[in-house]
Amino acid sequence: MTRFRPVETSVLYSPAWFVPFDEFAQRPRSADVVTELDRFDPVENVWVLQDTPSIRTPSAAIAYPELGRRRAPGTRPERFRVRFSAIGLAPLYPADAENFDAAVVGVGFTAYPYDDVTPPAVRSEPRLVRLLPSVAFPYGPGTRTVYGVVVDKVTRVPVTNALVEARGLTSRDRTPWLERTLTDTTGSFRLALRWEGDPAAGPGSEQIFHLKATERPGRTGVLDVRLPSGRDRRHVIEIAEQ
């Protein structure tokens with residue numbers, strides 16, 4: 001649970017600022033977003049859940065101004081991570097410039113010590129955290145979606161938290177579009193396809209959409225989906241080493 005406080009009085013120094021962003025709606029989202037904070041214990045080599053509360057700023061950012069505050073700022077920096085959850089949405093943890101890896105859990109950051117006189121050694125910058133539609137996302141009436149599962153090509157084991165995406169260009173002005181989702185614990189996905197696909201050869205109005213599933217760099221799978229004929233089909237994307 002996060003608490004709301006004015007930024008002027010509460011967030012002088014926060015080692016991390018997070019802006020949850022609803023990718024489907026294309027806008028920041030603070031309502032119903034829950035965060036959990038973990039501290040890394042270097043002795044036990046484990047992440048430990050913390051009870052340090054976050055605060056929510058008027059600009060919809062989530063911050064942790066209490067982390068790093070010390071009576072003796074000379075103490076060592078500490079590593080933390082924040083995990084996000086929201087009904088119908090799944091957090092995409094790697095930043096936009098980072099490669100996707102399904103094994104990444106949370107957004108990590110370092111809390112540098114500070115006090116009322118000495119500021120932290122490194123100042124933080126806002127970090128956008130994209131929230132993608134999950135299998136349970138409440139798509140509106142008329143939204144075209146496809147569903148299926150991502151599995152390992154050899155073992156047939158479902159792949160959890162795989163990134164499933166489709167890209168293309170609009171026919172009118174060739175504007176790039178992108179739709180993304182993440183698989184659940186059973187490897188299942190449901191992906192919106194609101195834009196145009198590539199026209200299929202032959203008569204009719206069939207369109208082809210190119211789906212790609214990624215577990216980590218070098219481990220991907222692709223599948224072409226034809227619509228509307230494949231709308232009600234359970235599509236299987238097989239992931240393998242590339």
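1. Throughout this note, buried means under 20% relative accessible area, exposed means over 50%, and partly exposed is whatever falls in between, with a 1.4 Å probe and protein chains only. On that scale Glu165, at 10% relative accessibility, counts as buried.

2. On the basis of the note: this is a predicted model, in which local features need pLDDT of at least 70 and side-chain atom pairs count only at pLDDT 80 or more, while totals for chains, interfaces and linings use all residues. Residues are numbered from 1 along each chain as its sequence is written, and side-chain values use heavy atoms, with hydrogens and water left out.

3. As to the overall make-up, the secondary structure of the protein comes to 1 helix and 19 strands, where helices (H or I, at least four residues) and strands (E, at least two) are DSSP runs numbered from the N terminus. The C-alpha atoms fill a box of roughly 75 × 40 × 30 Å, taken along the principal axes. Of the 242 residues of the protein, 44% count as buried. Among contacts with a separation of 6 or more (a contact being heavy atoms within 4.5 Å), residues 24 or more positions apart account for 65%.

4. The accessible surface of the protein comes to about 13500 Å², and 53% of that surface belongs to carbon and sulfur atoms; the areas come from the Shrake-Rupley method with a 1.4 Å probe, and for residues only the protein chains shown count as cover. The protein has 32 positive and 30 negative charges, and their mean positions are 2 Å apart. For this count Lys and Arg are positive and Asp and Glu negative, with His and the chain ends not counted, and the place of a charge is taken as NZ of Lys, CZ of Arg, CG of Asp or CD of Glu.

5. The structure holds 18 salt bridges, a salt bridge being a side-chain nitrogen of Lys or Arg within 4 Å of a carboxyl oxygen of Asp or Glu. One of them joins Asp96 and Arg130, with the closest N and O atoms 2.9 Å apart. This pair links distant parts of the chain, since Asp96 sits in the loop between β9 (89-92) and β10 (107-111) and Arg130 in strand β11 (residues 126-133), 34 residues apart. The two partners are unlike in cover: Asp96 is exposed, with a relative accessible area of 56%, whereas Arg130 is buried, with a relative accessible area of 17%.

6. Glu165, introduced above as buried, forms a salt bridge with Arg167, the closest N and O atoms being 3.4 Å apart. Its partner Arg167 is exposed, with a relative accessible area of 52%.

7. In a further salt bridge, between Glu179 and Arg194, the closest N and O atoms are 2.8 Å apart. Here too distant parts of the chain are linked, with Glu179 in strand β14 (residues 176-182) and Arg194 in the loop between β15 (188-192) and β16 (198-199), 15 residues apart. Glu179 is buried, with a relative accessible area of 4%, while Arg194, at 37% relative accessibility, counts as partly exposed. Elsewhere, salt bridges that share partners join Asp152, Glu215, Arg216, Arg219 and Glu241 into one network.

8. A search of the whole structure finds 8 aromatic pairs; rings of Phe, Tyr and Trp (its six-membered ring) pair if their centres lie within 6.5 Å, and planes under 30 degrees apart count as stacked, over 60 as edge-to-face and the rest as tilted. The rings of Phe18 and Phe84 have their centres 5.5 Å apart and their planes at 75°, so this pair is edge-to-face. Because Phe18 lies in strand β2 (residues 17-22) and Phe84 in strand β8 (residues 78-85), the pair ties together parts that are 66 residues apart in sequence. Phe18 counts as buried at 2% relative accessibility, as does Phe84 at 5%.

9. Phe80 and Phe109 form a stacked pair, 5.8 Å centre to centre with 20° between the planes. It links Phe80 in strand β8 with Phe109 in strand β10, 29 residues apart. Phe80 is buried, with a relative accessible area of 3%, and Phe109, at 7% relative accessibility, also counts as buried. Phe18, Phe80, Phe84 and Phe109 form one aromatic cluster.

10. Finally, Asp116 is found in the loop between β10 and β11 and, at 65% relative accessibility, counts as exposed. The C-alpha atoms of Asp116 and Glu44, 72 residues apart along the chain, are separated by 31 Å.
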